[in-house]
Amino acid sequence: MPQKEQKAPFLARWIARKFIPTLYQEELLGDLKELYEERLNSSGVFNARIMYWIDALHLIVGFSSIRKMKTQNNNYMIRNMFKIAWRNAVRQKQPSIL
């Protein structure tokens with residue numbers, strides 16, 4: 001009797017699609033599917049599903065941290081420019097007043 005085809009967890013795929021940029025979805029979700037099928041054959045359904053969730057969440061966290069890094073660097077640079085301007089104004093009072 002042939003085994004029923006096991007699909008990757010739907011909810012994990014759906015969540016990954018929402019958070020991973022469209023440009024990378026086909027490649028990354030395809031890689032996740034290949035890994036899932038390999039793990040399904042080697043270690044069973046339960047382990048393959050658990051590892052699929054872990055891999056999907058790892059991708060989501062990776063992409064969200066990239067977005068945070070980009071915005072934090074901009075904020076950091078602007079804050080740093082104001083600090084430098086303030087220090088120069090305090091150090092050189094006469095030109096700053098004029």
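Colleague: Is Tyr52 buried or exposed?

Modeller: This is a predicted model, so what I can offer are computed values. A residue counts as buried under 20% relative accessible area. Tyr52 has a relative accessible area of 2%, so Tyr52 is buried.

Colleague: How many aromatic pairs are there, and how are the planes of Tyr36 and Tyr52 set?

Modeller: Happy to go through that: the count comes to one aromatic pair. The ring centres of Tyr36 and Tyr52 are 5.7 Å apart, and their planes meet at 80 degrees. Planes over 60 degrees apart count as edge-to-face, so the pair of Tyr36 and Tyr52 is edge-to-face.

Colleague: Which helices does the pair link?

Modeller: The two residues are 16 apart, and their pair links distant parts of the chain. Tyr36 is in helix α2 and Tyr52 in helix α3, so the helices are α2 and α3.

Colleague: And Tyr36, is that residue buried or exposed?

Modeller: The cut-off for buried is under 20%. Tyr36 has 2% relative accessibility, so Tyr36 counts as buried.

Colleague: Which residues of α2 are buried?

Modeller: Tyr36 is one of them. The full set in α2 is Gln25, Leu28, Leu29, Leu32 and Tyr36.

Colleague: What should helix α2 span, and how far apart are its end C-alpha atoms?

Modeller: Helix α2 covers residues 22-43, which is 22 residues. At 1.5 Å a residue, α2 should span 32 Å. That agrees with the distance between its end C-alpha atoms, which is 31 Å.

Colleague: What phi does Gly44 take?

Modeller: Gly44 comes just after α2. Its phi is positive, at about 100 degrees.

Colleague: Let's go to α3. Is Asp55 buried or exposed, and which residues does Asp55 touch?

Modeller: Asp55 lies in helix α3, residues 45-91. Its relative accessible area is 18%, and the limit for buried is under 20%, so Asp55 is buried. Leaving aside residues up to four places away in sequence, Asp55 touches Leu32, Leu35 and Arg39.

Colleague: How does Ile54 count by accessibility, and how far in space is Ile54 from Ala12?

Modeller: Ile54 has its place in helix α3. At 45% relative accessibility, Ile54 counts as partly exposed, because that class runs between 20% and 50%. Ile54 and Ala12 are 42 residues apart in sequence, and from C-alpha to C-alpha their distance in space is 9.2 Å.

Colleague: What about Glu37: how does that residue count, and how far in space is Glu37 from Tyr52?

Modeller: Glu37 lies in helix α2. Its relative accessibility is 39%, so Glu37 counts as partly exposed. Glu37 and Tyr52 are 15 residues apart in sequence, and their C-alpha to C-alpha distance is 9.9 Å.

Colleague: What volume does the largest pocket have, and which residues are closest to its centre?

Modeller: The largest pocket has a volume of about 230 Å³. Twelve residues line the largest pocket, and the closest to its centre are Lys7, Ala8, Arg13, Lys33 and Glu37.

Colleague: Which element gives the largest share of that lining?

Modeller: The elements that give two or more residues to the lining of the largest pocket are α1 (10-19) and α2. By class, the lining has four nonpolar, two polar and six charged residues. The largest share, five residues, comes from α2.

Colleague: Last one: what pattern does the chain follow?

Modeller: The chain has four helices and zero strands. Of its 98 residues, 17% count as buried. Read along the sequence, the pattern is α-α-α-α.

Conventions:
Residues are numbered from 1 along each chain as its sequence is written. This is a predicted model: local features need pLDDT of at least 70, side-chain atom pairs count only at pLDDT 80 or more; totals for chains, interfaces and linings use all residues. Side-chain values use heavy atoms; hydrogens and water are left out. Buried means under 20% relative accessible area, exposed over 50%, partly exposed in between (1.4 Å probe, protein chains only). Contact means heavy atoms within 4.5 Å. The expected span of a helix is 1.5 Å times one less than its number of residues. Rings of Phe, Tyr and Trp (its six-membered ring) pair if their centres lie within 6.5 Å; planes under 30 degrees apart count as stacked, over 60 as edge-to-face and the rest as tilted. On a 1 Å grid over the protein atoms alone, a cavity is a set of points where a 1.4 Å probe fits but cannot get out, and a pocket is an open set with protein on both sides within 12 Å along at least five of seven lines; lining residues have an atom within 4 Å of a point. Grid points are joined across faces, edges and corners, and a volume is the space filled by probe spheres set on the points. Ala, Val, Leu, Ile, Met, Phe, Trp, Tyr, Cys and Pro count as nonpolar, Asp, Glu, Lys and Arg as charged, and the others, Gly among them, as polar.
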